[in-house]
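Visitor: Could you show me how to read a protein model, one feature at a time?
Guide: Gladly; have a look at the picture and we will begin.

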Amino acid sequence: MSDRNFPIGGPVLEVKNISLSFGGVKAITDTSFDILEHEIRAIIGPNGAGKSSMLNCINGIYKPQIGSVIYKGEEVRKVTPNIMAQMGISRTFQNLALFKRMSVLDNILVGRKLHTKSNFLEVAFQLPKAKREEKTNRDRCEEIVDFLEIEDIKNTPVGKLPYGLQKKVELGRALATDANLILLDEPMAGMNVEEKREMCRFILKVNDEIGTTMVLIEHDMGVVMDISDRVVVLDYGKVIGDGTPDEVRANQKVIDAYLGVEH
Amino acid sequence: MKPIFMTYTRGDLINLAILLIVGVIVIPMTVSSGYWYTSILIPWLCLALATIGQQIIMGYTGQLALGAAGFMAAGAFACFNLILRVPGIPFVGALLISGLIAAAFGILFGLPSLRVRGIYLMVATLASQFFIIWMIDKFGWFKNYDSSGIITAQDIVILGKPFTSPIEMYLVIVAVVTPMTLIAMNMARGSTGRNWMSVRDMDIAAESMGVSLLKTKLQAFAISSFYCGVAGALFAFTYLKSLEPVAFDIKLSFKVLFMVILGGLGTINGAFIGAAFILLFPVLLNYIGNNVFHGAIDATIISAIEQVVFGVLMIIFMIYEPLGMAKLWETIKIKIARLFSKT
């Protein structure tokens with residue numbers, strides 16, 4: 001791991017003692033872990049373990065009753081999707097949240113929102129600033145389109161694309177934000193082996209070439225173990241294992257959670 | 001598809017040039033009958049402008065708002081009062097300020113969109129329709145204490161020259177509608193439009209990308225009402241030639257809504273196609289009634305047929321072609337192009 005372009009640094013994001021419940025149902029109980037700069041961090045666990053809820057807490061879609069999110073050493077006072085986006089955290093969604101009627105390129109261009117400073121009047125009258133920005137943003141998005149090898153579909157409305165490609169577009173949109181940290185919610189769900197392998201390649205490539213810290217959720221252990229630096233395992237909303245893939249694989253609790261125990 | 005001027009491609013510019021030549025030179029030179037201007041071209045362009053406004057809020061931002069006529073009324077009465085009370089105000093200036101006043105109402109009545117959506121928002125925005133009309137009726141000041149209820153609109157005077165004949169009014173409208181359409185296209189194709197559409201298609205994702213829902217929705221409401229306000233002022237000053245709150249009732253709001261749906265949600269040119277269809281279809285039916293059946297069909301039946309056909313078309317478009325006539329037009333163009341490339 002020493003030959004990486006971006007060696008793993010200190011903690012960039014920490015979640016501390018997070019508890020989240022919906023009415024009487026406890027989704028997450030007293031969960032803490034950290035994410036190091038430039039690493040690929042996986043959150044795994046069986047169905048209903050609270051993985052997506054965890055991601056939604058980090059991203060601000062859910063508000064945990066107890067606990068805090070610490071970004072770059074400072075506690076984030078008000079965690080909302082918008083504030084997190086401004087801090088440089090982007091994400092993808094489990095069930096795809098693309099802008100269905102917009103083209104692939106337009107979807108990715110929305111990711112450039114925080115790098116777009118011109119207001120609607122500047123856009124309406126196509127003043128030089130708006131034109132310049134639009135060009136820069138388009139150039140950046142074309143780069144991402146090249147990077148993800150989706151050149152041939154860039155003008156197609158996203159809603160007409162097959163699932164695997166949509167997942168790719170969503171990754172592209174997250175990349176367009178130039179975020180330091182990308183949260184990927186089941187980026188490989190519903191994909192075949194071929195597509196999974198390709199997605200893994202992109203995740204590794206992004207991490208290696210841009211240095212983006214990646215947090216990914218999966219319930220399928222196989223793929224994740226190969227590409228992540230560290231893995232945290234959730235079960236029934238609690239951390240039952242945290243460490244390198246090898247450590248986690250050897251953890252008895254994890255084995256029990258995945259394979260079941262005799263009672 | 002490379003833009004060569006502003007956001008326009010070569011095809012756009014050719015289309016624009018053709019439209020302008022036809023609109024500004026060919027039509028004024030060939031069409032001399034006032035009927036075409038006062039009954040078709042003038043209301044068409046005014047309502048198309050209002051439809052662009054409705055398009056922005058409904059087609060692009062996905063907010064089901066129903067109250068275009070209310071904002072049109074706000075614009076019309078604002079324009080009347082500005083010309084009446086501010087001596088020496090230029091007409092175009094009054095028109096723009098009227099738009100801004102309508103935009104302020106738009107922001108106010110857009111506030112519910114931050115909490116409710118869909119059909120509930122539609123009900124909430126209906127309030128704008130009824131409130132604005134009620135306000136104008138209730139407070140005599142807006143109507144300059146005219147007891148008859150119908151006020152004659154002032155003459156349009158630009159740079160000292162009165163524009164009173166149908167053809168002159170038509171040219172004034174073209175001069176306002178053309179730049180406003182281009183501006184709407186610029187916004188729709190640029191980052192502003194992408195923000196709107198991202199809110200329409202998936203608001204949670206939009207927020208995660210840093211799009212502020214509050215700002216984007218209110219901005220769309222403001223711009224939409226600005227367009228409606230200017231359209232309303234033009235409508236009152238050139239088509240109605242009078243100001244009466246009744247002219248801006250809920251029926252007009254629905255008319256604009258139908259123009260958006262038939263024209264095609266989320267298209268600017270659809271606004272013109274939809275407005276043309278809704279305005280011309282009754283004319284065509286009447287023509288058929290008079291010239292084919294020689295008045296054998298009763299006028300009430302004809303207007304009933306009109307309603308039925310609109311209803312059926314609306315359902316057909318919602319089910320089979322949500323992108324409306326604008327999309328049909330695109331498909332036809334592609335098919336024709338293929339036909340020619342084969343031979």
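Visitor: How many residues does each chain give to the contact?
Guide: Two residues are in contact if their C-beta atoms, placed from the backbone, lie within 7 Å. Here 32 residues of chain A and 25 residues of chain B take part. Before we go on, please note that this is a predicted model, where local features need pLDDT of at least 70 and side-chain atom pairs count only at pLDDT 80 or more, while totals for chains, interfaces and linings use all residues. Residues are numbered from 1 along each chain as its sequence is written, and chains are lettered from A and ligands numbered from 1 in the order in which they are written.

Visitor: Which helix gives the most to the side of chain B that touches chain A?
Guide: Helices (H or I, at least four residues) and strands (E, at least two) are DSSP runs, numbered from the N terminus. On this side of chain B, α6 (166-189), α7 (191-201) and α8 (203-208) each supply at least two residues. The most comes from α7(B), with seven residues.

Visitor: What classes do the residues on that side of chain B fall into?
Guide: Ala, Val, Leu, Ile, Met, Phe, Trp, Tyr, Cys and Pro count as nonpolar, Asp, Glu, Lys and Arg as charged, and the others, Gly among them, as polar. The side of chain B that touches chain A has twelve polar, ten nonpolar and three charged residues.

Visitor: Is α7(B) buried or exposed?
Guide: A residue is buried if 20 or more other C-beta atoms lie within 10 Å of its own, exposed if 12 or fewer, and partly exposed in between; the C-beta atoms are placed from the backbone. In α7(B), eleven of the eleven residues are buried, so this helix is largely enclosed by the rest of the structure. Among them are B:Trp196, B:Met197 and B:Arg200.

Visitor: Which residues touch the most other members of the largest nonpolar core?
Guide: In soluble globular proteins, nonpolar side chains tend to be buried together. A nonpolar core is a set of buried Ala, Val, Leu, Ile, Met, Phe, Trp, Tyr and Cys residues joined through C-beta atoms within 7 Å. The largest one has 168 residues, of which B:Cys46, B:Leu49 and B:Met72 touch the most other members. Helix α9 (residues 213-240) of chain B gives the most to this core, with 15 residues. Leaving out residues up to four places away in sequence, B:Leu49 touches B:Val177, B:Met180, B:Tyr227, B:Val230, B:Ala231 and B:Leu234.

Visitor: Where are the domains of chain A?
Guide: Domain bounds come from an automatic or database domain assignment. Chain A is divided into domain 1 (1-88 + 183-263) and domain 2 (92-178), and their C-alpha centres lie 26 Å apart. In their contact, 14 residues of domain 1 of chain A meet eleven residues of domain 2 of chain A. The largest share on the domain 1 side, four residues, comes from α7(A). By class, that side has eight nonpolar, three polar and three charged residues.

Visitor: What is the strand order in the sheet of six strands?
Guide: Two strands pair if DSSP finds at least two bridges between them. This open sheet of chain A has the order β6-β7-β8-β3-β9-β10, with mixed pairing. The edges are β6 (89-91) and β10 (238-243) of chain A, each with a single partner strand, so one side of each is left without a neighbour in the sheet. Inside the sheet, β3 (residues 40-44) and β9 (residues 230-235) of chain A run parallel, joined by four bridges. Along this pair, A:Ile43 stands opposite A:Val232.

Visitor: And which strands form the sheet of four?
Guide: This open sheet has the order β2-β1-β4-β5 (chain A), with antiparallel pairing. At its edges stand β2 (25-36) and β5 (74-75) of chain A; each has a single partner strand, so one side of each is left without a neighbour in the sheet. Five bridges pair β1(A) with β4(A), where A:Leu13 has A:Tyr71 as its bridge partner. Two bridges link β4 (residues 66-71) of chain A to β5(A), and A:Ile70 is partnered by A:Glu75. These two strands, β4(A) and β5(A), form a hairpin with two residues between them, and A:Lys72 in the turn has a positive phi of about 50°.
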